[in-house]
Amino acid sequence: MSILHSLAPSALSEETANPYPHLLAPLDLGGVTLRNRTVMGSMHTGLETLPDRFEQLAAFYAARAQGGVGLIVTGGVGVNAQALGAAGPDESLHAADLDGHRLVTRTIHDAGAKVLLQALHIGRYDHGGGVAPSAIRSPIGRAVPHELSGAQIEALIDDYARCATLAAQAGYDGVEVMGSEGYLINQFIAPRTNRRNDAWGGSFERRIRFALEIVRRIRRASDEHFMVMFRLSMLDLVEDGSTRQEVIALAQALEAAGVTLINTGIGWHEARVPTIATCVPRGAFAGFTRHVRDAVSVPVVAANRINTPAVAEAILARGDADLVSMARPLLADPDFVAKATAHRADEINTCIACNQACLDHTFSARRVSCLVNPFAAHERDLPLAAAARRARVAVVGAGPAGLACAVTAARRGYAVTLFEAAPRIGGQFNLACRIPGKEEFRETLRYFQRQLELTGVSVKLARRARADDLEDFDHVVLATGVVPRAPSFEGLDHPSVVSYAEAITGAKAIGQRVAIVGAGGIGFDVAELLTHPATAGDTITDYFAQWGVDASGATRGGLAAAHAATCADAPAREVWLLQRKPGAAGAGLAVTTGWIRRSVVKQRGLHSMTGVEYVRVDDNGLHLRVDGKARVLAVDHVVLCTGQESRRDLLAPLAARGIEPIVIGGADVAAEIDAKRAIDQGTRVALGLA
Ligand code: NAP
Ligand code: SF4
């Protein structure tokens with residue numbers, strides 16, 4: 001156990017005023033002190049290529065630094081002009097840009113945090129093929145990479161060192177060397193991608209030489225207080241990845257080479273095991289970090305699905321790590337640490353790990369933001385200006401759109417009344433919370449409930465607003481949501497036909513043979529719910545078993561031999577998931593999570609049928625036509641998941657009174673009703689109120 005480890009805050013834990021004694025304890029790194037154990041992990045925001053990028057980045061990071069985070073890691077910065085993709089923009093560090101970077105680092109330092117620049121080379125993840133230790137195409141790549149020569153490898157190591165030198169000149173406190181997620185350095189480390197037989201491949205010692213030379217050369221080029229954090233792949237989750245012994249041996253070699261901290265990476269981008277989605281149990285991978293922490297003296301950072309102060313505190317208190325990294329949770333709430341410190345954890349806007357506004361945006365080259373916090377990465381263009389006068393605002397409907405609008409308007413100083421026909425807030429979110437693996441969505445409702453209290457919104461539950469109720473307001477916002485769309489085949493009044501809401505809430509008991517009509521987001525949700533085993537996925541062990549993660553350390557890459565689901569106790573249901581469109585079911589689901597949902601459908605043995613024509617429902621079941629042939633599915637229930645239509649029944653009576661409401665969320669556009677659009681629109685409408 002190191003001196004640094006022995007500084008773990010046992011004394012502070014007796015400080016009853018400190019709600020999270022391990023998390024909030026400072027960390028002395030010998031010359032540099034972090035004010036607490038929180039790290040904002042690296043995220044590419046999309047701000048990096050804007051014309052006013054430095055001002056945007058400074059505002060983005062300033063909000064997080066002012067919110068109390070200890071250490072920030074920037075989004076990946078190319079170690080040379082091609083490092084993030086030869087065809088893309090040059091996102092490397094240039095001497096001409098140092099003043100811009102100084103604005104960022106100064107702003108962060110003024111708010112009391114430290115900042116590392118992440119030095120990144122993506123290697124064979126370049127869509128054009130890029131460069132790699134060996135000419136082996138990635139399963140998610142489009143082209144075979146160019147095999148680096150020895151001279152090119154030497155030049156690349158110099159690029160890392162030059163990047164670190166410039167980072168120091170720009171005021172960064174250090175660099176994070178990105179050595180995980182299957183990027184270039186990881187490609188050298190693993191036999192999966194390194195088939196060389198020269199000084200840079202073959203034996204383990206030669207495969208890790210690239211990583212170690214980079215650290216040594218950065219160390220030689222920097223002063224002793226310059227931090228070097230290495231993001232180490234603790235678990236590759238791909239075949240022919242590193243063994244646990246290799247991960248530990250590399251961590252020890254990195255320590256000897258001079259790293260200050262070791263951060264955790266879990267899973268390559270091409271891995272087929274979910275590592276950060278909402279279905280991954282909180283803190284699931286901290287145990288892997290523990291194996292490294294036990295073997296080195298430098299502080300070690302845990303990562304992945306750590307989204308509350310309590311989860312973070314538990315990881316540190318257990319001794320799994322010395323710090324915790326949270327990237328998305330600090331998108332969701334820049335004041336995460338300040339609220340935790342002030343005993344206001346119940347006010348934290350918790351990341352629900354949906355990926356919808358962050359990683360899904362990154363993978364489609366859009367600016368990231370956050371589903372639950374549309375201000376994220378829009379700090380400069382969404383100012384929260386105080387209302388000019390305390391005008392009265394009525395918001396009708398307490399789903400995500402209405403909640404966001406009501407709370408934002410109240411924060412600006414408006415007198416807001418929120419009408420909700422149901423006895424509770426949340427709208428369609430109440431259904432999402434009931435889907436196994438989406439329990440996190442409850443956190444958003446908890447957050448909004450607390451914000452309604454704090455901002456003094458007058459909430460009228462179980463009150464379906466009529467036009468008369470809305471006459472005395474200066475602004476009326478309709479967030480009345482959606483009604484399920486009724487398909488047009490015969491037999492919809494048959495007792496076996498149920499709505500998705502009835503299936504999800506349990507209002508109707510569902511039988512053993514079920515046809516799900518509609519394979520959109522909700523069709524997949526219903527499929528998940530109806531086939532969910534009693535235990536699988538509910539605990540970390542079950543989760544690992546379901547997805548084939550070997551926690552014993554016995555296998556390369558940490559993959560269990562079989563990628564089998566533990567479905568022994570699954571409900572004995574036979575389920576058909578149906579859609580009219582040809583092609584794969586669920587093809588339109590989100591980039592970063594759709595593959596997980598399609599995998600689950602496969603694991604559970606559901607019958608997926610596309611290109612179907614619905615004919616009718618009767619006592620024999622659901623009659624279909626597939627490829628021109630008639631077929632009957634003898635099912636007990638037919639669950640309609642056929643999308644929604646806008647509910648706008650207040651529009652006409654309001655118009656009759658001369659009231660022109662603002663319509664938002666599903667009431668505005670049902671075709672794409674999702675919480676990201678709803679919360680964003682509700683927030684922006686509230687910001688635009690005069
Ligand atoms: P959806 O994604 O639009 O899917 C509706 C499904 O019903 C489609 O598969 C459609 O496919 C079918 N359909 C539409 N009209 C039909 C008709 N008249 N007769 C028969 N079938 C019909 O809608 P949703 O599943 O209700 O989801 C609503 C929104 O919630 C989505 O925009 C989604 O973003 C969001 N959501 C997201 C998630 C998620 O995991 N990210 C989960 C749940 C909901 P065919 O026309 O080809 O049959
Ligand atoms: Fe978390 Fe979803 Fe926000 Fe991304 S979009 S930070 S996953 S809540």
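## Exercises on packing and overall form

**Exercise 1.** In this predicted model, which residues does L232 touch, leaving aside those up to four places away in sequence?

*Solution.* With contact taken as heavy atoms within 4.5 Å, the partners of L232 are S180, V247, L250, A251, L254, I262, N263, T264, G265 and V292. The next step is to place L232 in its core: the largest nonpolar core has 160 residues, and within this core F210 and L232 touch the most other members. A second core, separate from that one, has 22 residues, among them A503, A519, V601 and C641.

**Exercise 2.** State how many helices and strands the chain has, and explain why the chain can be called as compact as a globular protein of its length.

*Solution.* Begin with the secondary structure, which comprises 23 helices and 27 strands. Then compare two values: the radius of gyration is 27 Å, and the globule rule gives 26 Å for 690 residues, so the close agreement places the chain with globular proteins of that length in compactness. Finally, the box filled by the C-alpha atoms, taken along the principal axes, is roughly 75 × 65 × 50 Å.

**Exercise 3.** Describe burial, contact range, surface and charge for the chain as a whole.

*Solution.* First, buried residues, meaning those under 20% relative accessible area, account for 59% of the 690 residues. Second, of the contacts between residues at least 6 apart in sequence, 73% join residues at least 24 apart. Third, the accessible surface is about 26,400 Å², with 51% belonging to carbon and sulfur atoms. Last, the chain carries 71 positive and 73 negative charges, whose mean positions lie 2 Å apart.

Definitions and conventions:
Residues are numbered from 1 along each chain as its sequence is written. Chains are lettered from A and ligands numbered from 1 in the order in which they are written. This is a predicted model: local features need pLDDT of at least 70, side-chain atom pairs count only at pLDDT 80 or more; totals for chains, interfaces and linings use all residues. Side-chain values use heavy atoms; hydrogens and water are left out. Helices (H or I, at least four residues) and strands (E, at least two) are DSSP runs, numbered from the N terminus. The radius of gyration is taken over C-alpha atoms; the globule rule is 2.2 Å times the number of residues to the power 0.38. Buried means under 20% relative accessible area, exposed over 50%, partly exposed in between (1.4 Å probe, protein chains only). Accessible areas come from the Shrake-Rupley method with a 1.4 Å probe; for residues, only the protein chains shown count as cover. Lys and Arg count as positive and Asp and Glu as negative; His and the chain ends are not counted. The place of a charge is taken as NZ of Lys, CZ of Arg, CG of Asp or CD of Glu. A nonpolar core is a set of buried Ala, Val, Leu, Ile, Met, Phe, Trp, Tyr and Cys residues joined through side-chain atoms within 4.5 Å.
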